[in-house]
Amino acid sequence: MAAQTLSPELLKALQDGLVIPAHPLALDENRQLDENYQRALSRYYIASGAGGIAVGVHSTQFEIREPQHNLFETVLRMAAEEVDAAGLSRPFIKVAGVCGGTEQAIGEAELAQKLGYDAALLSMGGLQGWSEDEILKRTERIAAIMPVIGFYLQPSVGGRIFSYEFWRAFAEIPNIVAIKMAPFNRYQTIDVVRAVCASSRRDEIALYTGNDDNIVADLLTTYRFNVDGETVEKPIVGGLLGHWAVWTNKAVELLEEIKAVRKEGVFSKEWLTRNIQVTDSNAAFFDPAHGFEGCIPGIHEVLRRQGLLRGTWCLNPDEKLSPGQSEEIDRVYEQYPHLHDDEFVKANLTKWLAND
């Protein structure tokens, strides 16, 4: 069977740059799926102007795959239903998180394809014992099913370091449509961009930031390398981010502003200040002060304050806000009122929570 490919419309939108939030999981006080709020979150991202959603990823909690919860198919299906019900006239990419060994990843990709997803965000977490060649073969198997977005995950949350040669070979795999770079490390980010620029598929692969600690600077940067005597330039065009699961309407405005600035080719030093403001906010949400232990509850806490979640509960009861994290969220709310979208949420929340 031929691999599923992206439509020309979606491919163009992906290469132009999209805001793709990593979709959280809504639970009630008994740590059971709260369908009403789960659907409300999808409606929020769609209404915010996002260009897609990523479901079944880290922010959706990897525990959804465990037999005692068995929520992977459920949350993917619900998000797809909400996108379909919205009847959007703009391109909107449905991305499914795919992880695990080769057979698990194949099963998840086939399920995502059946549910109408457009691409797989292929995690390489938890494969510490695998060789780079084995991981490339696994990638080829998934790309033979549906379009793949590669994922460079930071080691502090389960990822690993890959060589430049790995990314060079990775970029040559047909049906890789984008790479999300999230090593939270400038050196390793450059490795990926340089590898893509050196590949024969450089014009077919969109670069996305997952570096929640450097969002604005990533999006403003054009990389330039000499490849076999030719000058090759490539920008990071959009973001697939846990950070953009909150304050999403403002994130959409931010990316549109950055696109305009990129087109002009000149920007003021104020953008460097804005980069730090977004990073400081991310520190409150993602909790690097405690090794990112509170990153999912931190996202939940912002959504709870806005009324988009009823609590910060996670499937793993040990995942909760770290000491002082709530106060840090208070601080960034006060420091950067221009970054939040509370008014937008307040104006639409009743509609998103309505059971039609």
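Me: How many cavities of 30 Å³ or more does the structure hold?

Reply: In this predicted model, the structure holds two cavities of 30 Å³ or more; the largest has a volume of about 270 Å³, and the second largest has a volume of about 50 Å³.

Me: What makes a residue part of the lining of the second largest cavity, and which residues are they?

Reply: A lining residue has an atom within 4 Å of a point of the cavity, and those that line the second largest cavity are Gly 56, Val 57, His 58, Phe 62, Arg 65, Gly 97, Val 98, Cys 99, Leu 121, Ser 123 and Phe 151. By class, this lining has six nonpolar, four polar and one charged residues.

Me: Which residues are the closest to the centre of the largest cavity, and which element gives the most to its lining?

Reply: Of the 21 residues in that lining, His 58, Leu 153, Lys 180, Asp 212 and Phe 286 are the closest to the centre, while helix H11 gives the most to the lining, with three residues. By class, the lining of the largest cavity has 14 nonpolar, five polar and two charged residues.

Me: Why are H2 and H13 called oblique to each other?

Reply: The axes of helix H2 (residues 35–47) and helix H13 (residues 342–353) cross at roughly 130° and come within 9 Å. Angles over 145 degrees count as roughly antiparallel and those from 65 to 115 as roughly perpendicular, and the crossing angle of roughly 130° falls in neither range, so H2 and H13 are oblique to each other.

Technical notes
Residues are numbered from 1 along each chain as its sequence is written. This is a predicted model: local features need pLDDT of at least 70, side-chain atom pairs count only at pLDDT 80 or more; totals for chains, interfaces and linings use all residues. Side-chain values use heavy atoms; hydrogens and water are left out. Axes are lines fitted to C-alpha atoms, for helices over the stretch in contact, and angles run from 0 to 180 degrees between N-to-C directions. Helices (H or I, at least four residues) and strands (E, at least two) are DSSP runs, numbered from the N terminus. Angles under 35 degrees count as roughly parallel, over 145 as roughly antiparallel, 65 to 115 as roughly perpendicular and the rest as oblique. On a 1 Å grid over the protein atoms alone, a cavity is a set of points where a 1.4 Å probe fits but cannot get out, and a pocket is an open set with protein on both sides within 12 Å along at least five of seven lines; lining residues have an atom within 4 Å of a point. Grid points are joined across faces, edges and corners, and a volume is the space filled by probe spheres set on the points. Ala, Val, Leu, Ile, Met, Phe, Trp, Tyr, Cys and Pro count as nonpolar, Asp, Glu, Lys and Arg as charged, and the others, Gly among them, as polar.
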